[in-house]
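Me: I am new to this structure and would like to go through it in short questions. Please end each answer on the value or name I ask for.

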Amino acid sequence: MTRTCLRAAAGALACAAALAAAAPALAHHSTAMFDMDHEVQLNGTVKEFQWTQPHTWIVFLVSSPTGVTEYGVEGMSPSYLGRNGWSKHTLNPGDKVVLSIHPLKDGRKGGFDSSVTWPDGHVMYNLPHAPGGPPPKP
Amino acid sequence: MTLRLKRAVLLASAGVAIAAGAAGAALAAAPAPTPSPADWAALARLPDWTVGVWQIDWSSLFGRGATGRPDPPALTPPYAAKLEAYKASQKQGENVQNANANCLPPGVPQIMSMPYPLEFIYSPGRVTIAIETDSQVRRIYTDGRPHQEDPDPAFNGDSIGHWEGNDLVVDTIALDPSVDIAPGVNHSDKVHIIERFHQTGPDTLQIATTIEDPAVLTKPWTVTRPYLRHRDWTIQEYVCEQNNHDSADEKGRAGFRLDEDAPPQSAPAH
């Protein structure tokens, strides 16, 4: 499932705000390799959650009738996330969640995490979702 | 005797030693005097910036910000042409990623506007700024010493400073040739940066950064940025090489390494 920033006027505004916030917030690199105009939802299982600098990293397994595909998903740094409600315990191996990611433009299996949704509907944002402020409290 | 005066006396005696033939190594500074209890006590009269940590006001990075949008630098024709070429190349996917993606620190001045916090540490004759991004440290000598005579270029340059009332004024020269003063704008060996740190409220600080470089700028370029204090935060470790999947090649094209792309690991030697 793919959604775009231009789906609705209100959505476009929110998305533009998120993008404006996101680009410089990745302190040590730009977002040039990611498709920041689109998010893709991956429904799968956490294999590893690496709470590391300069970025967190999720090894994520997505099953399909043809087999299991491994994705590498970059996230904001532990220093940012740790100040915004996340910790090294937020994701654990075996967790079944939906990752909303900005996919790699080159088609390889990876991207940048925008948010995580748990089966009970609980959402945590990885990218800042309001310029100048913290993401919505989970 | 103040620390500045003590230092002057020691400098004079060091000068005698050098004149007598004991030539110092190029990197040797004058011998540091031992601070007295009064020197330590004097630190209590400085503004309390060592409490908590300070992060650039994100609204100044991502919106208009408390100090408004900074004016762009007024560039000399060769550097204006370089910036145009830099921007044009971005349409081809070049110069979209910089060396910070390869874990090189951005250097002064851009290290001061990274989106992570910094902290101040005072000791007699020195202000140390510890910056979370890339675990960078700036040592600003406030003991009255001049700049090094022939400083080696460095990412954070060679900094001296002094207090004017409650403002800290920092003077920096000798930036590494790779350091850009703004995206797509490099500098010459004449670059000279003056930062004025000024507290504007209980938990707000402004840093006005003025860059002079006659080869690059037609007039001094000043950017003022606001910072907010977070009293309940501490600086976190930031070792960029720990788990970096990002890269920039020599043309500034962006790379992204998936685990499947990792080069084969050679067996550890025993």
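Me: What is the mean pLDDT of chain B?
Reply: The model is predicted, and pLDDT gives the predictor's confidence in each residue on a scale from 0 to 100. In chain B, 86% of the residues reach 70 or more. The mean pLDDT of chain B is 90.

Me: For residues 264-270 of chain B, how many contacts beyond four places in sequence does the model have?
Reply: Over residues 16-24 of chain B, pLDDT stays under 50, and the model has three contacts beyond four places in sequence there. Over residues 264-270 of chain B, pLDDT also stays under 50. The number of such contacts for residues 264-270 is zero.

Me: What ipTM does the predictor give the complex?
Reply: Two values come from the predictor for the complex. The pTM is 0.85, and the ipTM is 0.85.

Me: How many strands does chain B have?
Reply: Chain B has 270 residues, of which 32% count as buried. Among its contacts between residues at least 6 apart in sequence, 55% join residues at least 24 apart. Chain B has four helices, and its strands number eleven.

Me: Does α4(B) lie largely in the open or largely buried, and what is the number of buried residues?
Reply: Helix α4 of chain B covers residues 77-90 and has 14 residues. From its first C-alpha to its last it reaches 20 Å, close to the 20 Å expected at 1.5 Å a residue. α4(B) lies largely in the open because, of its 14 residues, the number buried is one.

Me: Along strand β9 of chain B, are the side chains that point to the face with Trp221(B) buried or not buried?
Reply: The side chains alternate along β9(B), residues 221-230. Thr222(B), Thr224(B), Pro226(B), Leu228(B) and His230(B) point to one face and are not buried. Trp221(B) points to the other face with Val223(B), Arg225(B), Tyr227(B) and Arg229(B), and these are buried.

Me: Which residue in β9(B) is the bridge partner of Val53(B)?
Reply: Strand β8 of chain B, residues 204-212, pairs with β9(B) in the antiparallel sense over eight bridges, and there Thr209(B) stands opposite Val223(B). Strand β1 of chain B, residues 53-56, pairs with β9(B) in the antiparallel sense over four bridges. In β9(B), the bridge partner of Val53(B) is His230(B).

Me: Which element supplies the largest share of the side of chain B that touches chain A?
Reply: The contact takes 28 residues from chain B and 29 residues from chain A. On the side of chain B, α3 (58-62) and β11 (254-256) each supply at least two residues. The largest share is four residues, and it comes from α3(B).

Me: Is Phe256(B) buried or exposed?
Reply: Phe256(B) lies in strand β11 of chain B and touches, among others, Met33(A), Leu104(A) and Gly110(A). Its C-alpha atom and that of Asp246(B), ten residues apart along the chain, are separated by 4.7 Å. A residue counts as buried if 20 or more other C-beta atoms lie within 10 Å of its own. Phe256(B) has 23 of them within 10 Å, so Phe256(B) is buried.

Me: Is Ala29(B) buried or exposed?
Reply: Ala29(B) is found in the loop between α1 (3-19) and α2 (37-42) of chain B. The cut-off for exposed is 12 or fewer other C-beta atoms within 10 Å. Ala29(B) has 11, so Ala29(B) is exposed.

How values were computed. Residues are numbered from 1 along each chain as its sequence is written. Chains are lettered from A and ligands numbered from 1 in the order in which they are written. This is a predicted model: local features need pLDDT of at least 70, side-chain atom pairs count only at pLDDT 80 or more; totals for chains, interfaces and linings use all residues. Two residues are in contact if their C-beta atoms, placed from the backbone, lie within 7 Å. Two strands pair if DSSP finds at least two bridges between them. The expected span of a helix is 1.5 Å times one less than its number of residues.
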